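Please explain how this protein chain is built, beginning with its overall make-up and ending with its interior. An account for a reader new to the structure would be welcome.

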Amino acid sequence: KLGSHSEDKKFWHSRAKNPQPPSQTDDWVEVYDEPRHFTEMDNKYCRVIRFRFPPGDKTLFHRHSVDSFFVFFSSTKVRNEIQGTPSMIFDVKRGTASGACYCTEPIIHRISNIGDGWMHGLDIEIKHVNTGKYDTKALPKTKNLECIFDSEKGKKIRVYKLTLEVGEKISFNLNFPRLRMFGKGSRLRISSSAKEPLECLRLTGSYQWEDSSFEGTIENIGDTGYEELIAEWH
């Protein structure tokens, strides 16, 4: 569960911004130096690390020391070997999200892809959230939108899953900083009261950070179903 260290905000923010000690050894590397992990974006709120490797491949032993949540763009089976504990085998399912509190409980582990699909997704390190009281309620569940991950009942991060079949659309208000991750791409028409309608192509496995509020409609005008994960920052 994310956030067991949440009372010690000073320690958490310090570790997230400068995840240094201890230094790597011959037995393991930092996640940023692991060759199947690629740091792609780093801003005030988060650090986005992509992982991607085929069936039969495995990572080096590597360390996580910053609170993170994970999203998965493909399905497979993996073996998780955490130093000092028995290994675990579990299924990874496309379109899901999970989280871990690494600031207070860092781990050194190795992931082996023992399934038939690629191991592909994002490790999003949480660098900053607002520390004051946060009373914003989760977006209401609908046919096309549901909250699939909620750290400490919304104290840090919520992750929503948005699905639109061909021709479907949804109207909502996103008034929070967010990371939008596109699990199944399609062509969209985006309309709001502030701007002219825009058509764009969202590619599977891509993402974008947004700070400004959005109130409007997203319509799937492509020829395939569309899936998106929206991470709400506090």
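The following paragraphs proceed from the whole chain to its sheets, then to a buried strand and a cavity.

The structure is a predicted model. Its protein chain contains one helix and 19 strands. Of the 234 residues in the chain, 52% count as buried. Among contacts with a separation of 6 or more, 76% are made by residues 24 or more positions apart.

Two open sheets may be considered in turn. One is built from five strands, arranged in the order β2-β3-β10-β5-β8 with antiparallel pairing. Its edge strands are β2, covering residues 37-42, and β8, covering residues 97-100, and each of them pairs on one side only. On average, neighbouring strands in this sheet are turned by 25° against each other, direction ignored. Within the sheet, β5 (residues 68-72) and β10 (residues 119-126) are joined by five bridges in the antiparallel sense. Ser68 marks one position in this pairing, standing opposite Glu125 in β10.

The loop that links β2 to β3 (46-53) includes Asn43. Which residues does Asn43 touch, if those up to four places away in sequence are not counted? They are Lys127 and Trp209. Asn43 and Lys127 are 84 residues apart along the chain, yet a distance of 8.4 Å separates their C-alpha atoms.

The other open sheet also has five strands, in the order β1-β4-β9-β6-β7, and its pairing is mixed. Here β1 (29-30) and β7 (88-92) occupy the edges; each has a single partner strand, and therefore one side of each is left without a neighbour in the sheet. The partner of β7 is β6 (residues 76-82), and these two strands pair in the antiparallel sense over five bridges. Val78 has Phe90 in β7 as its bridge partner.

Attention now turns to β19 and its surroundings. Is this strand enclosed by the rest of the structure or left open to the outside? Eight of its eight residues are buried, so β19 is largely enclosed by the rest of the structure. In a regular strand the side chains alternate between the two faces of the sheet. In β19, Tyr226, Glu228, Ile230 and Glu232 point one way, while Glu227, Leu229, Ala231 and Trp233 point the other way, and all are buried.

Two strands that pair with β19 can be named. Strand β12 (residues 157-164) runs antiparallel to β19, and eight bridges connect the two. In this pairing, Leu162 has Glu228 of β19 as its bridge partner. Strand β14 (residues 178-184) is also antiparallel to β19 and is joined to it by six bridges. Arg180 stands opposite Ile230 in β19.

The same strand leads to the interior space of the model. How many cavities of 30 Å³ or more does a search of the whole structure find? The search finds one. The largest cavity holds about 50 Å³ of space. Its lining consists of Phe72, Phe73, Arg94, Gly95, Lys161, Gly183, Glu227, Glu228 and Leu229. Strand β19 (residues 226-233) supplies the largest share of this lining, with three residues. Sorted by class, the lining comprises three nonpolar, two polar and four charged residues. Glu228 thus appears in two settings, as the bridge partner of Leu162 and as part of the cavity lining.

Methods: Residues numbered from 1 in each chain as written. Predicted model: local features only at pLDDT ≥ 70, side-chain atom pairs only at ≥ 80, totals over all residues. Heavy atoms only, no water. Pairing = 2+ DSSP bridges. Helix = DSSP H or I, 4+ residues; strand = E, 2+ residues; numbered from the N terminus. Axes fitted to C-alpha atoms, helices over the stretch in contact; angles between N-to-C directions. 1 Å grid on protein atoms, 1.4 Å probe; cavity = no way out; pocket = protein on both sides within 12 Å on 5 of 7 lines; lining within 4 Å. Points joined across faces, edges and corners; volume = space filled by probe spheres on them. Nonpolar A, V, L, I, M, F, W, Y, C, P; charged D, E, K, R; others polar. Buried < 20%, exposed > 50% of the residue type's maximum accessible area, 1.4 Å probe, protein only. Contact = heavy atoms within 4.5 Å.
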